[in-house]
Amino acid sequence: MKVVLAENAGACYGVQRALDLAIEASKNHAKAYTLGPLIHNPGVVADLESLGVHVAESADEVDEGTIIIRSHGVTPEVYAAVEARGLPIVDATCPHVARAQKAAAELAAKGCRVIVVGEEGHPEVEGLKAWALREGAKVDIVASPDAVPTDLHAPIGVVVQTTQKRENLDAVVDAIQSQGITPIVKRTICLATRHRQESAAELASQVDAIIVIGGRNSSNTTRLFEICSAICPRTHHIESVDEIDPTWFEGCTTIGVTAGASTPETQIKAVIDFLKKL
C-alpha cells in the first residue's frame with residue numbers, strides 16, 4: 001500500500017517552542033513543573049515526566065523548582081499565584097495564544113461585551129475569558145452559532161480559540177450580525193492550524209483511509225479528525241502506533257497520514273514505518 005503524509009502535519013512552532021523550553025528547563029533546574037499538561041499529547045507528557053518535568057495542577061503544589069506555563073496559556077490569577085511563590089518561571093505560552101489573550105483584553109478595555117468562540121472548559125478558552133474579565137467585560141463562550149446569546153447590544157467584540165475552524169467563526173459572526181450588530185472581530189485562529197486543516201481535507205479526498213495522530217484531549221487534532229471523517233469514512237484517530245489495527249485497511253491501496261499540532265515527528269515516523277510494512 002502507498003502511504004502519503006499530509007503536506008502540513010505535526011508539531012507547530014508554538015508546540016515545538018514549548019517542548020524546547022521544557023527540555024531546557026529539565027537540564028538547567030533540579031525540578032521543573034508544568035501547570036497542567038504542557039501540550040495535549042499524553043505520550044509527550046509521559047516523556048517529559050521521565051526527564052524530570054512533572055505536572056502540577058496548581059502553583060500551590062510547587063514548593064521548589066521551576067514552574068513552566070503551559071502552551072495553552074493561563075489566567076492572570078495563575079500568573080499572580082506563580083509570582084507569589086517566588087519561584088523561577090518559564091513562560092511556554094504559544095505566541096499565537098498570547099496574541100489572542102491580548103486581543104481579548106483589548107476588546108474588553110474598549111467596553112465590548114466579549115464573545116469567545118471556542119470550547120468551554122478548554123484551558124486556552126478559559127484563559128481568554130479570564131483576560132477579558134480582568135478588564136471588567138461581560139464574557140460569553142460560544143461553541144457554535146446556535147449558542148450565540150439573543151440579547152446582544154453593541155459594542156460586541158469577538159475573539160476565537162486559535163484551533164477553531166474558520167467556518168465556525170464566520171458562522172458565529174453571521175449570527176451576531178443577524179441581530180443588527182457589526183462586531184469587532186479579532187481573527188486569532190492560528191495560521192498553522194488552518195494549513196493543517198486544509199492539507200488534511202485535501203489528503204482525505206485522495207486516499208482510501210486516513211490516520212489522524214494526536215492526543216484525544218487535543219482540540220486541534222479532534223478538529224482534523226472531524227474534517228477527515230466528513231470526507232473519508234475510513235478515518236481513524238490514534239494516539240500511538242500501538243493502536244493501529246491492520247484490518248482497518250483491508251482492500252485499501254492508499255493510506256493517508258496527518259497529525260495534530262501537538263504531535264512530534266517521532267510519533268508520525270513510527271506510524272508511517274508501521275503502515276509501510278503492511
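**Figure 1. Packing of helices α4 and α5 in the predicted model.** Helix α4, residues 95-109, packs against α5 at an angle of about 35°, and the two axes lie 7 Å apart. The crossing in which α4 passes α5 is right-handed. On the α4 side, the contact is made by V97, A100, Q101, A104, A105 and A108, which meet E124, L128, W131 and A132 of α5. Sorted by class, the residues of this contact comprise eight nonpolar, one polar and one charged.

**Figure 2. Buried residues of helix α5 and the elements that cover them.** The buried residues of α5 are E124, V125, G127, L128, A130, W131 and A132. Among them, E124, L128, W131 and A132 also take part in the contact with α4. The cover over the buried residues of α5 includes the helices α3 and α4. It also includes the strands β6 (113-117), β7 (139-142) and β8 (156-160).

**Figure 3. The buried and exposed sides of helix α3.** Helix α3 spans residues 76-85, and P76, Y79 and V82 are buried in it. Viewed down the axis of α3, these buried residues fall within an arc of 120°, so they line one face of the helix. In general, an α-helix has 3.6 residues a turn, so residues three or four places apart point the same way. The exposed residues E77 and A84 are carried on the face of α3 turned away from its buried side. Elements covering the buried residues of α3 include the strands β2 (32-35), β4 (66-69) and β5 (89-91), together with helix α5 (123-133). After α3 comes G86, which has a positive phi, near 70°.

**Figure 4. Helices α7 and α8 and the residues that join them.** The axes of α7 (residues 191-204) and α8 (residues 219-231) come within 9 Å of each other and cross at roughly 25°. The two helices are therefore roughly parallel, since angles under 35 degrees count as such. As with the pair in Figure 1, handedness can be assigned: α7 passes α8 in a right-handed crossing. From α7, R196, Q197, A200, A201 and A204 meet R223, L224, I227, C228 and I231 of α8. By class, seven nonpolar, one polar and two charged residues make up the contact of α7 with α8.

**Figure 5. Surroundings of G65 and T66 at the start of strand β4.** G65 is found in the loop between β3 (53-56) and β4, whereas T66 belongs to strand β4. G65 is partly exposed, with a relative accessible area of 22%; T66 is buried, at 1%. Leaving aside residues up to four places away in sequence, G65 touches K31, L87 and P88. With its neighbours within four places in sequence likewise left aside, T66 is in contact with H29, K31, A32, Y33, P88 and V90. Both K31 and P88 thus appear in the contacts of G65 and in those of T66. V3 lies outside this set of contacts: G65 and V3 are 62 residues apart in sequence and 44 Å apart in space, C-alpha to C-alpha.

**Figure 6. The cis peptide bond preceding P155.** The peptide bond from A154 to P155 is cis, and its omega is near 5°. P155 has its place in the loop between β7 and β8. Both of these strands are among the elements that cover the buried residues of α5.

Notes:
Residues are numbered from 1 along each chain as its sequence is written. This is a predicted model: local features need pLDDT of at least 70, side-chain atom pairs count only at pLDDT 80 or more; totals for chains, interfaces and linings use all residues. Side-chain values use heavy atoms; hydrogens and water are left out. Buried means under 20% relative accessible area, exposed over 50%, partly exposed in between (1.4 Å probe, protein chains only). Helices (H or I, at least four residues) and strands (E, at least two) are DSSP runs, numbered from the N terminus. The arc is that of the directions from the helix axis to the C-beta atoms. Contact means heavy atoms within 4.5 Å. Axes are lines fitted to C-alpha atoms, for helices over the stretch in contact, and angles run from 0 to 180 degrees between N-to-C directions. Angles under 35 degrees count as roughly parallel, over 145 as roughly antiparallel, 65 to 115 as roughly perpendicular and the rest as oblique. A crossing is left-handed if the near helix is turned anticlockwise from the far one by less than a right angle, and right-handed if clockwise. Ala, Val, Leu, Ile, Met, Phe, Trp, Tyr, Cys and Pro count as nonpolar, Asp, Glu, Lys and Arg as charged, and the others, Gly among them, as polar.
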